[in-house]
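Here are my notes on the structure, as numbered points. They cover helix packing, the nonpolar cores and some backbone details.

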Amino acid sequence: MNEGARRLRPQGADIVADGVRYRIWAPERLHVEVRIQPAKGCEGRSLMLTKDAGGYHCGVDLGGGAGDRYQYVVDGEGPFPDPASRSQPEGVHDASMVVDPSVYAWKDAGWKCPPLRDLVLYEIHVGTFTSEGTFSAVIGKLPHLRDLGINALQIMPVADFPGARNWGYDGVSLFAPARCYGAPDELRALVDAAHAQGIAVVLDVVYNHLGADGNYLGVYSRFYFKDEVHTPWGAALNYDGQQHPAVREYFLSNVVCWLDEFHFDGLRLDATHAILDASSRHLLAEIADAAHERGAFVIAEDERNLPAVIAPDGHGMDAVYADDFCHSVQVALGDRSYQEDFTGSAAELADELWHGWHYRGQLSKHLGAPRGSSSGHLPPEKFVFCISNHDQVGNRAFGERLHQIATPEAYRAASALLLLAPATPMLFMGQEWGAGTPFQYFTNHNDELGRLVTEGRRKEFARFPEFRDPESARMIPDPQNHETFMRSKLDWTETARSPHQELLALHRECLRLRSNDPALRPVTRAGWDVLDLGAAALRYFGQHCEWLVLVHLAPTALAVTLPSARWRCIFSTNDTRFGGSGAAGFDPVACRVAFTQPELLVMQTTP
């Protein structure tokens, strides 16, 4: 049993020696009663909780146990679910259920997470990753990930949300795995099975807001939020105002819950730039401390390009999304979404490959202000690169994937560059075989909120000329429509068909190379160099040889002179085995490459 499994939380229903201890923070409330429906079918009972000086109401239900359903009545109002519930079997508005996390028999005692520099992340949405859409069904796909070369599964948020389908960023029951994906022990079994396959598991968590429907924190205390400070999702969470220590404790205990009770190896924090905290020690630093004490790591999604987020003497995050690389690649491959700030040129890509991000204090036209600061002193694994993720795909009107916008040649080259760059790479589910299914934005809110979400989605795209007239806007998939969700499920039969098989083979080959030679996963910046030869080039300095990764993403011919060395071509992304028509012309004597189309070449020095 994990030591943390029996640790009492600041809030929630916890199994103790003589029953169940209930504890809830409600400092302004005079009376909190818990109404209990025992699992054994006995008659329901009530327990009046005792309030302490810190505003916590607490009591023990003698004889209570796992499976009991319960709700709180607050100063005669309610009943309401527990905001620290470990399970919401009937939904986020209904009764909570007592769960004993120590019952699960873990089999991962010998597991050790690979170091960050060795990780290859793979992002999934549980509900659309398989046809079943459950934690248990994901287990069946772990061998595919292992054979691909993936060693870190990143799961989009699973904190329970209203309705039966959601991206996960409308979560409101932060301690309860979404009931539509399975029971808490089924999530534990998924993590356990991943560890058995040599795969770490990272959970996406949201601490900048809660969903609009089913959020009951305000019932217990107004101090959870700062009404005077607004975010895109409503009032800001109170991490630094009156009564803030208990609010911080609530969210920090959620970090501990996922790591201790579910054995997650790391957390991905959503939109950390929107976690507003003016305290002397930022909440992010405290989250990092809690994770590091448990041998876990933390990845931040942060749009500011600030080294302080990932510096040990700053917030202490272990890595950060570096989306500049993604945006440059998308522009180079024909996506116009980021043309205001990015060109997609070889020089721009070379800049990002070396520095981690492009904007380091330059003026962003999109923001109308300078963005970022210097990052050249930071090790490469602290930057998470991708060319697709749930946002980049799902925030397109029809959820089109990048390969459906780009040419096959350019997509293969960009994919290989991602996997052979010095940064930590991340794939989005299905991109490795060029999935034909979209990933669209879907929800299952109540009628009124659902109507607002649908209208908001259409207004969001009204700034694009192709969606300005009402008829075109109506073509955008309705997030509330069940078919929008169903269309987003992966079709795994594609992996056995051409051209998907060839693209999958390319990903496997790139990840095999990355895994086999530590030179392609440099520890320090002395291990590689970046060159702008008209095409972007990565030069790795290995113990026994040098590697050269040369990429040309433009649809034009280009002649490139290589650095003087005895180079031999290991493979091209246009090799026929990967679905291409043949490699570029390479003259080893003159050290020249003649590109005629988008392509990536991997070269190695000969003795």
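1. G356 comes just after helix α9 and has a positive phi of about 100 degrees. The model is a predicted one, and this angle, like the other values below, should be read as belonging to a prediction.

2. The helix that precedes G356, α9, is largely enclosed by the rest of the structure, because eight of its ten residues are buried. The buried residues are A346, E348, L349, A350, D351, E352, L353 and H355. The list includes the acidic residues E348, D351 and E352. The cover over the buried residues of α9 includes two helices, α8 and α11 (408-420), and three strands, β22 (383-385), β24 (528-532) and β25 (536-541).

3. One of these covering elements, α8, deserves its own point. Helix α8 (residues 323-332) packs on α9 (residues 346-355) with the axes 10 Å apart and an angle of about 160 degrees. Angles over 145 degrees count as roughly antiparallel, so α8 is roughly antiparallel to α9. The crossing is left-handed. From α8 the contact takes D324, F325, S328 and V329, and from α9 it takes E348, L349, E352 and L353. By class, four of these residues are nonpolar, one is polar and three are charged. The four residues on the α9 side also appear among the buried residues of that helix.

4. Helix α11, another element covering α9, also packs against α15 (500-516). The axes of α11 and α15 come within 9 Å and cross at roughly 25 degrees, and the two helices are therefore roughly parallel to each other. Their crossing is right-handed. On the α11 side the residues are Y411, R412, S415, A416, L419 and L420; they meet L503, L506, H507, C510, L511, L513 and R514 of α15. This contact divides into nine nonpolar, two polar and two charged residues.

5. A cis peptide bond links S498 to P499, with omega about 5 degrees. P499 sits in the loop between α14 (482-487) and α15.

6. Which residues make the contact between α6 and α7? Helix α6 (residues 244-262) and helix α7 (residues 283-293) pack at about 30 degrees, their axes 10 Å apart, which makes α6 roughly parallel to α7. The crossing is right-handed. α6 contributes R248, L252, V255 and L259, while α7 contributes L283, E286, I287, A290 and A291. Seven of the contact residues are nonpolar, none is polar and two are charged. An α-helix has 3.6 residues a turn, so residues three or four places apart point the same way.

7. The largest nonpolar core has 131 residues, and the members that touch the most others are Y122, I155, Y207, W258 and F264. Helix α6 gives the most to this core, with ten residues. In soluble globular proteins, nonpolar side chains tend to be buried together.

8. What does Y207 touch, leaving aside residues up to four places away in sequence? Its partners are L237, Y239, F251, N254, V255, W258, L269, I275 and I287. Two of these partners, V255 and I287, also take part in the contact between α6 and α7. Another partner, W258, is itself among the core members with the most contacts.

9. Apart from the largest core lies another of 19 residues, including V20, Y22, V32 and F80.

10. The bond from G78 to P79 is a second cis peptide to check, with omega near 10 degrees. P79 belongs to strand β8 (residues 77-80).

11. D75 is a residue other than glycine with a positive phi, near 50 degrees. D75 is placed in the loop between β7 (69-74) and β8. With a relative accessibility of 33%, D75 counts as partly exposed.

12. Q243 likewise has a positive phi without being glycine, here near 65 degrees. Q243 is in the loop between β16 (234-237) and α6. Its relative accessibility is 33%, so Q243 counts as partly exposed.

Key
Residues are numbered from 1 along each chain as its sequence is written. This is a predicted model: local features need pLDDT of at least 70, side-chain atom pairs count only at pLDDT 80 or more; totals for chains, interfaces and linings use all residues. Side-chain values use heavy atoms; hydrogens and water are left out. Axes are lines fitted to C-alpha atoms, for helices over the stretch in contact, and angles run from 0 to 180 degrees between N-to-C directions. Angles under 35 degrees count as roughly parallel, over 145 as roughly antiparallel, 65 to 115 as roughly perpendicular and the rest as oblique. A crossing is left-handed if the near helix is turned anticlockwise from the far one by less than a right angle, and right-handed if clockwise. Contact means heavy atoms within 4.5 Å. Ala, Val, Leu, Ile, Met, Phe, Trp, Tyr, Cys and Pro count as nonpolar, Asp, Glu, Lys and Arg as charged, and the others, Gly among them, as polar. A nonpolar core is a set of buried Ala, Val, Leu, Ile, Met, Phe, Trp, Tyr and Cys residues joined through side-chain atoms within 4.5 Å. Buried means under 20% relative accessible area, exposed over 50%, partly exposed in between (1.4 Å probe, protein chains only).
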